[in-house]
Amino acid sequence: MELVQLEKKPQPPYGVPPGLIKKILFGIGAFIVVLIGYSTFYTVQEQERAAILTFGKYTGESTAGLHFKWPYPIQQVIKVPAELTQHITIGYRQEGSNITPVEEEAMMITGDENIVSADAVVQWKISNIRDYLYNIDDPEQFLRNAASSSIRSVIGSEKLDYAITDGKTEIQDKVREKLLELQGKYQTGMQIIDIKFQDIEPPSGQVEEAFRAVTNAREEKNTKINNAAKYQNDRIPKARGEAQALIENAEGLKKSRILNAQGDVAQFNAIYAEYKKNPGVTQSRLLMETLEKILPNAKIFISDSSSDTVKYLPINELLRSGGTAPSGAGSVEGGGAK
């Protein structure tokens, strides 16, 4: 029987199945393409800005949108929330509705060597990405330290009584100025939007109660001053108006009397001029005018005195009682009493 020798096909080295190497190479190539594509395009959100680093050196920045860059390690992108307003708290920490006091930040010494507790909120945003990334290691901690230092500096120059009552607004303005000065000095790339104090008050306990009593007394004082000023503003204009009215009435009365007196003088001078021309006629006319004024409302009693008997006529009683004259006397209406 003839034996047939079968030819064996060559086997790939190390027992790798045919075509697997090509699949591996294809997968590696696809991975490299995806990696290059992923590292070439990037997206910046609305509240972000991106710093572009070329071989680790800052070369520019980009705003919101889809952008192209050279793949890593040629270029890389660092995104920061530059369009977002952020805030930090001084003297306490807040997580949701939970507030935790930080006494080492809040406790400060005033200019008159009293202790006061001050809590504040600082609002800020990134204004210069390059300075923000390269000039300070921990921007938020730097801002917290700078704000705390500014607050201590300002409150340390003020009296406690002023700090916890009327000086809150002025202290805020001074702290903001100092904080802006520090940000400009160290070029942190952060913009201070505002700083607001939540509380400036003495430590809790008897000291707090004593200062609360002082504050209440001051508020009561201000209330009484305001009420007095209100009363003053109400009464003074009225008094001035009344005084002006009296002055004007007096002026009017003065002018009226002067004019009446001038008229009387002019009338007297006219009568006197006519009197000098004819004294008898003028005297008779004046007498008649006087009688015309007196007689209409007068009662005249005429008595016959031809006899030698003295008669008694009670005129006053007759006038009061409205009676008639006794016998021997007559009554005539219209004339002066005799």
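**Burial, core and strand pairing in the predicted model**

Of the 338 residues in the chain, 23% are buried. The coordinates analysed here are those of a predicted model, and the secondary structure of the chain comes to nine helices and 13 strands. The accessible surface of the chain amounts to about 24,600 Å², and carbon and sulfur atoms account for 55% of that area. When contacts between residues at least 6 apart in sequence are considered, 69% of them join residues that are at least 24 apart.

The largest nonpolar core comprises 34 residues, among which V122, W124, L143, I151 and F197 have the most contacts inside the core. At least two residues of this core are supplied by each of strand 2 (49-54), strand 6 (86-90), strand 10 (115-126) and strand 11 (190-201), and likewise by each of helix 3 (129-134), helix 4 (139-155), helix 5 (160-163) and helix 6 (168-186). For W124, once neighbours within four places in sequence are left aside, the contacts include L84, T85, Q86, H87 and I88 on the one hand, and M190, Q191, I192 and I193 on the other; Y132 and L143 complete the set of contacting residues.

Strand 10 is largely enclosed by the rest of the structure, because 10 of its 12 residues are buried. Several strands are paired with strand 10. With strand 11, strand 10 forms 10 bridges in an antiparallel arrangement, and within this pairing W124 has I192 of strand 11 as its bridge partner, a residue that also appears among the contacts of W124. Strand 6 pairs with strand 10 in the antiparallel sense over five bridges, with I90 placed opposite A120 of strand 10. A further antiparallel pairing, over three bridges, links strand 9 (residues 107-109) to strand 10, and here M108 has V116 of strand 10 as its bridge partner. Strand 9 and strand 10 form a hairpin with five residues between the strands, in which E113 takes a positive phi near 60 degrees.

A second hairpin is formed by strand 2 and strand 3, with two residues between the strands, and in this hairpin F55 adopts a positive phi near 50 degrees. The pairing of strand 2 with strand 3 (residues 57-62) is antiparallel and extends over five bridges, with L53 standing opposite Y58 of strand 3. Strand 2 is also one of the elements that supply at least two residues to the largest nonpolar core, whereas F55, from the hairpin of strand 2 and strand 3, belongs to a nonpolar patch on the surface.

This patch is formed by F41, F55, L66, F68, W70 and I74, which together present about 710 Å² of accessible area. Within the patch, L66 is located in strand 4 (residues 65-68), and L66 is classed as exposed because its relative accessibility of 61% is over the 50% cut-off.

Helix 7 (residues 206-277) contains Y275, which has a relative accessible area of 31% and is therefore partly exposed. When residues up to four places away in sequence are not counted, Y275 touches T282 and Q283.

Key:
Residues are numbered from 1 along each chain as its sequence is written. This is a predicted model: local features need pLDDT of at least 70, side-chain atom pairs count only at pLDDT 80 or more; totals for chains, interfaces and linings use all residues. Side-chain values use heavy atoms; hydrogens and water are left out. Patches are made of residues with over 30% relative accessible area and no salt bridge: like charges are joined within 9 Å, nonpolar side chains (Val, Leu, Ile, Met, Phe, Trp, Tyr) within 5 Å. Accessible areas come from the Shrake-Rupley method with a 1.4 Å probe; for residues, only the protein chains shown count as cover. A salt bridge is a side-chain nitrogen of Lys or Arg within 4 Å of a carboxyl oxygen of Asp or Glu. Helices (H or I, at least four residues) and strands (E, at least two) are DSSP runs, numbered from the N terminus. Buried means under 20% relative accessible area, exposed over 50%, partly exposed in between (1.4 Å probe, protein chains only). Contact means heavy atoms within 4.5 Å. A nonpolar core is a set of buried Ala, Val, Leu, Ile, Met, Phe, Trp, Tyr and Cys residues joined through side-chain atoms within 4.5 Å. Two strands pair if DSSP finds at least two bridges between them.
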